[in-house]
Amino acid sequence: MQGILPFVVRRLVWAPFVLLAVSLATFALGRFGPGDPVEILQGQYHNPEVVERIRHERGLDDPFFIQYGNYMWDVLHGDLGTTFAPRGVPVEDIIFDKMWVTIQYNLVALVIIFAIGIPAGIWAALRQGSWQDPLTISIFLFFRSVPVLVIIPILQFIFAIKLGWLPSSGWEERDILGMKIGILDKRIIMPILALSLPGIAAVARLMRAQTLEVLDEDFVRTARAKGLREVVVISRHVARNALLPMTTIVGFALVGLLGGSLFVETLFGIPGIGQFTWEAVGNRDYDVIMAVTLITASAFIVANLITDITYGFIDPRVRLGGGGPRY
Amino acid sequence: MRLFLRSGCYGLAAVVVGVMALLGGCGGEEGGPSDEGTPAAPVTGGELRLLGRDPLTLDPACASDVDSANYIVEVFGGLVTIDREQQIVPDIAERWDVSDDGTVYTFELRRGVLFHKGDRQVTASDVKYSMERALDPDTQSTVAEVYLGDIVGAEEFIDGDADEVTGIEAVDSYTLRITIDAPKPYFLAKLTYPTGFVVDRRQVDGSTCFSNTNWQRRPNATGPFKLKEWDLGQRIVLEPNSRYHLGAASLGRVEYTLGGGSAITMYENDEIDVTGVGLNDIERVRDPAEPLNQDFHEAPRMDIWYIGFNVGTPPFDDPKVRQAFAHAIDKDKLIEVVLLDAVVEADGILPPGIPGFNEELQGLEFDVEKAQQLLAESEYGGPDGLPDMEIASSGRGASVGPVSEAILFMWQENLGVSVSTRQTEFATFLSDLRDGEYQMFELGWVADYPDPENFLKIQFYSGSNNNYSHYANSEVDRLLEQADTETDEATRMSLYQQAEQIIVNEAPWIPLFHDKFSVLIKPYVEGYTLPPFVIPRLRYVQVEE
């Protein structure tokens with residue numbers, strides 16, 4: 001255990017610098033990139049005086065580092081700014097609700113992906129050489145290769161229009177113990193299917209490859225040689241070792257899912273953060289873009305840290321390697 | 001071009017689709033005001049479900065986009081409004097007089113116009129307050145000057161040289177006098193836009209377009225509907241204002257779903273009652289064998305989609321080059337093959353239906369020989385003498401879209417010129433456009449109010465901030481200035497028509513087409529109109545249970 005603490009401390013010390021770099025880069029991209037939120041507000045009607053006046057009132061004509069300093073000062077005091085679209089709403093009043101929406105259904109999709117992908121990968125590995133192995137993987141790969149933009153209309157056609165089982169889109173929240181929960185409504189079934197179907201293949205393939213690798217290990221041969229039942233060999237020796245690398249891809253899988261959220265949210269009418277951020281970029285809604293970037297970056301730092309610590313616990317080799325991995 | 005990205009049913013419109021019985025003056029049931037002459041039809045209930053988008057703002061002073069305006073005109077009201085026949089009619093004002101010189105408007109306010117909450121009546125000082133608030137620089141409206149800037153004293157007030165707008169006088173509680181800087185016949189039309197609509201000063205005091213906007217979640221106003229709920233990104237719910245002074249709406253509830261989703265799928269699955277139809281579905285819904293065909297309606301929109309030239313940059317500084325490019329486009333084919341007849345061909349700038357539309361206008365017709373000849377006569381001497389050319393458009397797609405592709409192909413085929421494309425997303429496009437970075441560009445313009453000034457003066461007057469072609473013609477300027485203050489309607493329209501013909505001939509733009517609404521409306525929805533610009537229309541709608 002002695003390796004973990006300094007490792008964690010070092011990562012935590014670096015975290016603010018990472019956030020600072022991320023915020024500075026994003027801020028600079030917004031301010032120096034083309035387009036201006038006030039001009040967008042005006043649309044084709046253009047009155048340079050009005051633009052200047054509003055830019056001045058909003059502090060958008062201050063020197064870059066003054067603007068950045070003011071912004072970061074406000075952020076440190078819990079003020080994430082206000083939105084341009086819709087106008088004048090505190091950013092924190094909107095984005096946490098929207099993030100919560102996106103996180104809810106993404107977590108469900110993540111659980112489904114691993115719950116199906118892992119057993120399917122092991123199953124396929126154990127049937128290597130038979131027709132069942134390529135068939136299983138091919139089916140998952142099929143869903144992986146069909147773009148989400150194609151899957152969604154097909155799902156909607158089948159389940160909403162032809163069968164009439166599900167509403168084609170929408171998001172209904174229920175109040176459960178003071179939390180707004182949207183994943184208990186049947187509307188969420190199609191979005192979760194659309195998000196998880198493509199992801200299963202990646203997990204199943206990785207799990208299959210890991211399982212095959214572990215099956216070749218000496219300790220598996222030993223376990224079999226000492227007469228353990230096959231179920232025990234697979235569950236206690238093979239699966240546990242093969243699962244190890246899977247912990248590292250949970251984080252990445254979540255990133256992939258969040259990327260797909262944009263389409264899912266747009267086509268299913270889910271008021272999540274993906275769609276909102278996309279609109280914000282188009283509108284040059286600086287404060288929203290900054291807030292989403294900072295929160296996402298913080299979440300990644302924490303998630304990465306947790307992954308590394310977990311990994312250290314599961315695999316002693318990591319923490320015995322002289323203070324843990326350097327990143 | 002952005003036109004087919006939107007799902008279409010919000011917005012604008014021209015013909016009355018579906019027939020409905022006129023709301024009679026049959027006495028209020030729900031405790032409407034007892035004043036004579038304020039008919040209140042019984043509220044009969046029925047729910048209308050629409051797909052919408054979050055408004056950018058529900059503050060009338062700040063609204064500058066169609067989405068916001070669509071909600072605002074249902075919830076708020078001003079001195080005048082537009083009815084479904086697209087006539088300017090009284091709203092809070094009961095009648096008005098215009099002075100002989102056309103600059104002084106005296107509005108007599110209707111008595112007994114109540115705010116949604118409580119029993120407070122709207123008075124002339126409420127109107128004055130609302131207009132001055134919109135013009136106040138602290139409010140940070142981007143459009144107040146466009147819509148209210150003609151009022152005497154507005155400029156001084158904006159510049160901080162005056163404490164009030166001297167041209168807006170509350171003569172007594174029910175008389176308001178507005179003086180404008182010159183006789184401008186389109187001034188009343190501008191007042192139908194939300195900017196100067198009446199707000200409750202007790203509610204909005206201290207708010208701007210960008211701060212303290214919370215009141216917009218439950219605005220207290222005077223329109224035909226009350227905002228019951230605005231759950232960001234999820235839904236907006238309207239309920240009828242039973243005391244509405246022009247007659248209460250028949251609908252019991254209007255729900256807008258804001259999250260997005262596939263509109264036509266939602267319509268087919270009976271989740272919404274109205275939807276726009278995109279190009280992908282247009283052939284299907286036009287097929288008489290298709291059940292949806294029964295619900296299909298089309299109506300013109302007051303807009304124009306065009307290719308604009310920057311007349312200050314080579315080679316489009318030579319009118320002959322611009323004319324050659326215009327003559328080389330086969331619009332009939334473009335509209336039939338690429339746009340599936342979902343639009344109307346444009347010869348000129350003004351769309352049909354707008355006052356001043358000229359049936360006799362001579363467009364630059366498709367004529368390959370003439371095009372080639374013009375190009376040869378130009379100072380560039382033919383296709384080989386032309387510099388590199390690029391056409392800019394806004395969009396986030398991977399390709400420029402079929403309309404551009406077809407036009408580029410026609411130029412290649414008919415003139416032997418090759419033009420490259422540049423596509424940027426809207427924010428960048430807009431700022432580059434303003435900086436005059438483009439040789440030519442594709443763009444559209446949608447009417448804000450039904451007047452030719454809204455197209456011709458804004459786009460082609462040499463001093464206009466919106467003249468992205470940098471077109472300048474002293475004769476056109478003179479005609480537009482004269483039309484600005486001409487009080488005789490026929491003369492005024494004739495001036496605009498003359499200006500338009502010169503513009504079309506000199507081709508700073510190639511007008512391509514006017515858009516149409518292609519909409520599905522459920523058979524049980526009656527009176528849902530498709531007006532070509534934003535008007536309060538929901539009070540005419542009835543839904544049969």
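In the predicted model, helix α5 (91–126) of chain A meets helix α12 (residues 273–283) of chain A through a small set of named residues. From α5(A) come A:Ile95, A:Lys98, A:Met99 and A:Thr102, and from α12(A) come A:Ile273, A:Gly274 and A:Phe276. Sorted by class, this contact has four nonpolar, two polar and one charged residues. The axes of α5(A) and α12(A) lie 8 Å apart and form an angle of about 130°. An angle over 145 degrees would count as roughly antiparallel, so α5(A) is described as oblique to α12(A).

A second partner of α5(A) is helix α6 (residues 132–145) of chain A, and here too the axes are 8 Å apart, with an angle of about 150°. Because angles over 145 degrees count as roughly antiparallel, α5(A) is roughly antiparallel to α6(A). On the α5(A) side the contact is made by A:Ala120, A:Trp123 and A:Ala124, while α6(A) brings A:Asp133, A:Thr136, A:Ile137 and A:Phe140. By class, five nonpolar, one polar and one charged residues take part in the contact of α5(A) with α6(A).

Another helix of chain A worth following along the model is α7, which covers residues 148–162. Its 15 residues reach 20 Å from the first C-alpha to the last, close to the 21 Å expected at 1.5 Å a residue. Which residues of α7(A) are buried? They are A:Ile151, A:Ile152, A:Leu155, A:Gln156 and A:Ala160. After α7(A) comes A:Gly164, with a positive phi near 65°.

It helps to step back and look at chain A as a whole. Chain A contains 14 helices and two strands, and its C-alpha trace spans about 85 × 60 × 40 Å along the principal axes. Of its 327 residues, 33% are buried. Among contacts in chain A with a separation of 6 or more, 71% join residues that are 24 or more positions apart.

The domain assignment divides chain A into domain 1 (1–85 + 283–327) and domain 2 (93–281). The C-alpha centres of domain 1 and domain 2 of chain A are 29 Å apart. How many residues does each domain of chain A give to the contact? Domain 1 gives 15 residues and domain 2 gives twelve residues. On the domain 1 side, the largest share comes from helix α13 (residues 286–314) of chain A, with ten residues. By class, this side of domain 1 has eight nonpolar, five polar and two charged residues.

Chain A also touches chain B. In this contact, 40 residues of chain B meet 44 residues of chain A. On the chain B side, α3 (144–148), α7 (263–268) and α13 (426–434) each supply at least two residues. Of the elements of chain B, α13(B) gives the most, with six residues. The side of chain B that touches chain A has 14 nonpolar, 19 polar and seven charged residues.

A few places in the backbone deserve a closer look. Most residues other than glycine have a negative phi, and most peptide bonds are trans. In chain A, the peptide bond from A:Ala85 to A:Pro86 is cis, with omega near -10°, and A:Pro86 sits in the loop between α4 (64–76) and α5 (91–126) of chain A. In chain B, the bond from B:Pro314 to B:Pro315 is cis as well, with omega near 0°. The loop that holds B:Pro315 runs between β13 (303–309) and α9 (319–327) of chain B.

Positive phi values also appear in residues that are not glycine. A:Leu177, in the loop between β1 (174–176) and β2 (179–181) of chain A, has a positive phi of about 50°. Is A:Leu177 buried or exposed? A:Leu177 has 5 other C-beta atoms within 10 Å and is therefore exposed, the cut-off being 12 or fewer. In chain B, the phi of B:His470 is positive, near 55°. B:His470 lies in the loop between α14 (453–460) and α15 (474–485) of chain B. With 15 other C-beta atoms within 10 Å, B:His470 is partly exposed.

Methods. Residues are numbered from 1 along each chain as its sequence is written. Chains are lettered from A and ligands numbered from 1 in the order in which they are written. This is a predicted model: local features need pLDDT of at least 70, side-chain atom pairs count only at pLDDT 80 or more; totals for chains, interfaces and linings use all residues. Two residues are in contact if their C-beta atoms, placed from the backbone, lie within 7 Å. Helices (H or I, at least four residues) and strands (E, at least two) are DSSP runs, numbered from the N terminus. Ala, Val, Leu, Ile, Met, Phe, Trp, Tyr, Cys and Pro count as nonpolar, Asp, Glu, Lys and Arg as charged, and the others, Gly among them, as polar. Domain bounds come from an automatic or database domain assignment. The expected span of a helix is 1.5 Å times one less than its number of residues. A residue is buried if 20 or more other C-beta atoms lie within 10 Å of its own, exposed if 12 or fewer, and partly exposed in between; C-beta atoms are placed from the backbone. Axes are lines fitted to C-alpha atoms, for helices over the stretch in contact, and angles run from 0 to 180 degrees between N-to-C directions. Angles under 35 degrees count as roughly parallel, over 145 as roughly antiparallel, 65 to 115 as roughly perpendicular and the rest as oblique.
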